[in-house]
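User: I should like to work through this structure step by step. Please reason through each answer before giving the result.

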Amino acid sequence: LTFLSCKKESQEPFGKPEATTEKSPEVLGKEIFEGKGNCVACHQVNQKVIGPSLQEIAKIYKDKNGNMVNFLKAESEAIVDPAQFPVMQANLAITKTFTDEELKAVEAYINSNLK
């Protein structure tokens, strides 16, 4: 009867705990930003290259209470540098294909650069 009261499921695993594969939104966003989004080709963290820096984007969206996800879905106007919008427009074809989770992750990554 003693053996029946011991359940294997209740025992903690020996050794290292299992690694979780779930990424934070910021980590996922950075991967998308640098990978399939190819955003890094035009945007850097703290300097303007072709497009504004991530710090500038994050600050303007915060100050203007803008919706970055809607912009990346091509559902709202450019508020950071409207003159550069024609350059960004081609990339919106890519970002419009992202899931809401991916768009929110990109937004989280950009906002994580706010200083």
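User: In which loop is the place of Asn46?

Analyst: The model is a predicted one. In this model, Asn46 touches Ser53 and Gln55, leaving aside residues up to four places away in sequence. Asn46 itself has its place in the loop between helix 2 and helix 3.

User: Does Asn46 count as buried or exposed?

Analyst: A residue counts as exposed when its relative accessible area is over 50%. Asn46 has a relative accessibility of 55%, and therefore it counts as exposed.

User: How far apart in space are Asn46 and Glu56, C-alpha to C-alpha?

Analyst: Along the sequence, Asn46 and Glu56 are 10 residues apart. In space, the distance from C-alpha to C-alpha is 7.8 Å.

User: How are helix 2 and helix 6 oriented to each other?

Analyst: The axes of helix 2 (residues 25-34) and helix 6 (residues 100-111) come within 7 Å and cross at roughly 95°. Angles from 65 to 115 degrees count as roughly perpendicular. Helix 2 is therefore roughly perpendicular to helix 6.

User: Which helix gives the most to the largest nonpolar core?

Analyst: The largest nonpolar core has 21 residues, and Leu54, Ile57 and Met68 are among those with the most contacts inside it. Helix 2, helix 3, helix 4, helix 5 and helix 6 each supply at least two residues of this core. The helix that gives the most, with five residues, is helix 3.

User: Which residues does Met68 touch, not counting residues up to four places away in sequence?

Analyst: Met68 is one of the residues with the most contacts inside the largest nonpolar core. Beyond the excluded sequence neighbours, Met68 touches Ile57, Tyr61, Glu107, Ile110 and Asn111.

Methods
Residues are numbered from 1 along each chain as its sequence is written. This is a predicted model: local features need pLDDT of at least 70, side-chain atom pairs count only at pLDDT 80 or more; totals for chains, interfaces and linings use all residues. Side-chain values use heavy atoms; hydrogens and water are left out. Axes are lines fitted to C-alpha atoms, for helices over the stretch in contact, and angles run from 0 to 180 degrees between N-to-C directions. Helices (H or I, at least four residues) and strands (E, at least two) are DSSP runs, numbered from the N terminus. Angles under 35 degrees count as roughly parallel, over 145 as roughly antiparallel, 65 to 115 as roughly perpendicular and the rest as oblique. A nonpolar core is a set of buried Ala, Val, Leu, Ile, Met, Phe, Trp, Tyr and Cys residues joined through side-chain atoms within 4.5 Å. Buried means under 20% relative accessible area, exposed over 50%, partly exposed in between (1.4 Å probe, protein chains only). Contact means heavy atoms within 4.5 Å.
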